[in-house]
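Me: Please explain how the labels attached to the following model are justified. I should like each term to be set against its cut-off before a conclusion is drawn.

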Number of protein chains: 2
Amino acid sequence: MRILESNSRRLMLKGTAAAMSAVGMAGWAKLGFAADAKPLPGYANWKIPGDIIVHSSNTLETKRSAYGSSVITPSDQLYVRNNLPPPDPAILENRDNWAIAISGVGKPVTYTLADLKSMGLETTAMVLQCSGNGRGFFPSKPSGTPWKVGAAGCVIWSGVPVRDVVKAVGGIKAGAKYMTGTGGEVLPQGLDPLSVIVERSLPLAAVEDALLAWEMNGEPISLAHGGPLRLIVPGYTGVNNIKYIKQLSFTEQETKANIMSHGYRITPVGGTAGPDLPSVLEMSVKSWINSPLPEDGVVRAGRVQIHGVAFGGVHAVKGVEVSVDGGKSWSAARFVGPDLGKYAWRQFVFDANLKAGEYQLASRATDTSGAVQPEARFENAGGFNNTSWMDHSVKVSVA
Amino acid sequence: MRILESNSRRLMLKGTAAAMSAVGMAGWAKLGFAADAKPLPGYANWKIPGDIIVHSSNTLETKRSAYGSSVITPSDQLYVRNNLPPPDPAILENRDNWAIAISGVGKPVTYTLADLKSMGLETTAMVLQCSGNGRGFFPSKPSGTPWKVGAAGCVIWSGVPVRDVVKAVGGIKAGAKYMTGTGGEVLPQGLDPLSVIVERSLPLAAVEDALLAWEMNGEPISLAHGGPLRLIVPGYTGVNNIKYIKQLSFTEQETKANIMSHGYRITPVGGTAGPDLPSVLEMSVKSWINSPLPEDGVVRAGRVQIHGVAFGGVHAVKGVEVSVDGGKSWSAARFVGPDLGKYAWRQFVFDANLKAGEYQLASRATDTSGAVQPEARFENAGGFNNTSWMDHSVKVSVA
């Protein structure tokens, strides 16, 4: 298999969008990408093809076997989930001109990205995880992408704290209960805008650690990940981190956009989604093992370093245990590497001595609030928030 | 300018070296890389061309303007300095088979990378910096690459601690004073091997935090950065972190290799290098500003977030001050983002209010041992270890 990749991310970083579209998808066909794999979409064709499962042009998953042990997920392995196709890459041609309207504050204003860059700088490492990560383990097969573990990564964002922006514009208006962010995607013609727009309302508590971010993992944010400007809300699931953010409003009501009122609701199986049901917002404690995996083949008997990731969602992760017998017995694992703060994941390792045989490997994390990762998933129609340690366990053969 | 990039890193990661050499450098010419820039060498053509200064095929520098504010330097921006051309990419075809001989221990042994992976796992973030970084500021123009700030990055490595390996083989032999690592490069024919081999002897203190690493920034180490296996010695300059390591010996004497006996010695200007002079080993406290820079153009008057990086070498960095008047007065800057441990750099920011005019921006770091970054460089014939805050200052116009 020959694999080549046009350098569209670099082009987008530098803003030569015209050149990029001249290359587009043609490169893939020309360069002989394996016919049995769906090609990466043009806006993300700088990802490592062998590390990504392409579900559709708007849903790309990191292979479980691709996760390393070095804390940060490299951009070229990170999952993508778009609720609408990304905007024209031309929006990256002059990043500093990108504008965002701030309303529901003392003094409403429109800032450019250049303005924001002058106002403050903060950097936060956090787990970015799709609300539906783990849906693929639901036997009920909910509609939506059947992600296993790979709609998640731990990445670093830089930008200005939303609280600094709010302070500069006279504070949040009295009576506001929500921070409502609106994405800059182009809406399909002929549809009710509310039925498609990416707009989410979050509790005001989310303001505290939120960023308006222009950098991810040390580079200007790519189009695939919401550049030039993205709302980052650490501890909240992916959909709440609005890409191409063009409006930030402090509102008394939740937006009526379908993605808020009916999408991303915790709905009983067989029930109907609606605004009275709980919304998918904060993440909960979770972990999984990334090595060894069945796809790595037979594991060599003897010492085995079982490793994976653990995070607490809105809380820090405090500890993680590993089981090699499908959850009958547990032993404390050790955290490895730097602690990047409460919203980041930690890598853990358990030094096991395994004789020949079959093993079911599982991990179970605890957060600083005392919450323990549960054995069973919480059943819901949308397949959201799966944290079941049993679902995430793996069976390996040792010889 | 059209910029395209063949995907040779991915190929190397996956081990299809034959396919890679079929592409090789031809891609660059065919795809119209700008004639005014030296092309990236084939083994590193996955780097972002616009972010890299190509000094030669074995010396690639990160542009100062390319550094972001998010702590970790992305692999595709990281500098490269090879003392010999990298080995054939075929060595990455089966990473787990890579062998390293361990000697000068109770029970000498040859381990494969698969063996090492079973023995332990640790992750360390650290500044990787070429011994000659900052040489370009020496008015004496020492021979060697005239690096400014860009032969440095902060990266994350995963591997097995050398101390765990040593323990497994019966400990270091009595009388040994050095840890001597040998690189796996192919030596040029017809030369005395000692005149060219990459082999360095480090004090045994370096064992404590050293790794035999197979992963950098979450991915298997690329050929450009020493994969499949590299000796990582946090706090020591780049050359001491032996790429393609094939032998680790605990020795009573320093190696007689020229790169140890004469190369990388702190030699008085006009003097002759030799084994009695101090070797270039540990790094010292240092910082520099990455934004704003003269190359960014005129800075907008008003609030300006001055940011950069600071590190302590073998110590943690404790604080950093910023001056906007060329060092006449100093103010404390604030650290930004997660602390990745004592060997990592920290990003700092200083929130300045600048009226129209000319400014000389400088930063000055202090480490936990109390050492302060000096104003003047320490003159030496090789242009090593430049930590002068004055050399690293920048002049910007504000309007």
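**Burial**

Me: Why is A:Ala90 called partly exposed?

Reply: A:Ala90 has 15 other C-beta atoms within 10 Å. A residue is buried if 20 or more other C-beta atoms lie within 10 Å of its own, exposed if 12 or fewer, and partly exposed in between, with C-beta atoms placed from the backbone. The count of 15 lies in between, so A:Ala90 is partly exposed. This residue is found in the loop between strand 3 (80–81) and strand 4 (99–103) of chain A. This is a predicted model, in which local features need pLDDT of at least 70 and side-chain atom pairs count only at pLDDT 80 or more, while totals for chains, interfaces and linings use all residues. Residues are numbered from 1 along each chain as its sequence is written, and chains are lettered from A and ligands numbered from 1 in the order in which they are written.

Me: What makes A:Ala213 count as buried?

Reply: A:Ala213 has 27 C-beta neighbours inside 10 Å, and therefore counts as buried. Its place is in strand 10 (residues 211–216) of chain A; helices (H or I, at least four residues) and strands (E, at least two) are DSSP runs, numbered from the N terminus. Neighbours within four places in sequence aside, the residues in contact with A:Ala213 include A:Trp157, A:Ile221 and A:Arg230, a contact being two C-beta atoms, placed from the backbone, within 7 Å. The C-alpha atoms of A:Ala213 and A:Arg230 are separated by 5.3 Å, although the two are 17 residues apart along the chain.

Me: How do you know that strand 16 of chain B is mostly covered?

Reply: Of the 7 residues in strand 16 (residues 317–323) of chain B, 5 are buried.

**Strand pairing**

Me: How do you know that strand 16 of chain B pairs with strand 17 of chain B?

Reply: Two strands pair if DSSP finds at least two bridges between them. Strand 16 and strand 17 (residues 331–332) of chain B have 2 bridges, in the antiparallel sense, so the requirement of at least two is met. B:Val322 stands opposite B:Ser331 in this pairing with strand 17 of chain B. Strand 16 of chain B is also joined to strand 20 (residues 357–367) of chain B, by 6 antiparallel bridges, with B:Val320 opposite B:Ala365.

Me: In chain A, what makes strand 17 and strand 21 edge strands?

Reply: They belong to an open sheet of 4 strands in the order 17-16-20-21, with antiparallel pairing. Strand 17 (331–332) and strand 21 (394–398) of chain A each pair on one side only. The partner of strand 21 is strand 20 (residues 357–367) of chain A, over 5 antiparallel bridges, and A:Glu358 stands opposite A:Ser397 there.

**Backbone angles**

Me: What is notable about the phi of A:Tyr244?

Reply: Phi of A:Tyr244 is positive, about 50°, although the residue is not a glycine. A:Tyr244 is found in the loop between strand 12 and strand 13 (245–251) of chain A, and is buried, with 24 other C-beta atoms within 10 Å. In chain B, B:Val71 also has a positive phi, near 70°.

Me: Which peptide bond leading into A:Pro228 is cis?

Reply: The bond from A:Gly227 to A:Pro228 is cis, with omega near 15°. A:Pro228 lies in the loop between strand 11 (219–220) and strand 12 (230–232) of chain A.

**Chain and domains**

Me: Why is chain A called as compact as a globular protein of its length?

Reply: Chain A has 7 helices and 21 strands. Its radius of gyration is 21 Å, close to the 21 Å from the globule rule for 399 residues, so it is as compact as a globular protein of that length. The radius is taken over C-alpha atoms, and the rule is 2.2 Å times the number of residues to the power 0.38.

Me: Where are the domains of chain A, and how many residues does each give to their contact?

Reply: Domain 1 covers 89–261 and domain 2 covers 286–398 of chain A, with bounds from an automatic or database domain assignment. The contact takes 16 residues from domain 1 and 19 from domain 2 of chain A.

Me: How confident is the predictor in chain A?

Reply: The mean pLDDT, the predictor's confidence in each residue from 0 to 100, is 92 for chain A, and 91% of its residues reach 70 or more. Over residues 1–35 of chain A, however, the pLDDT is below 50.
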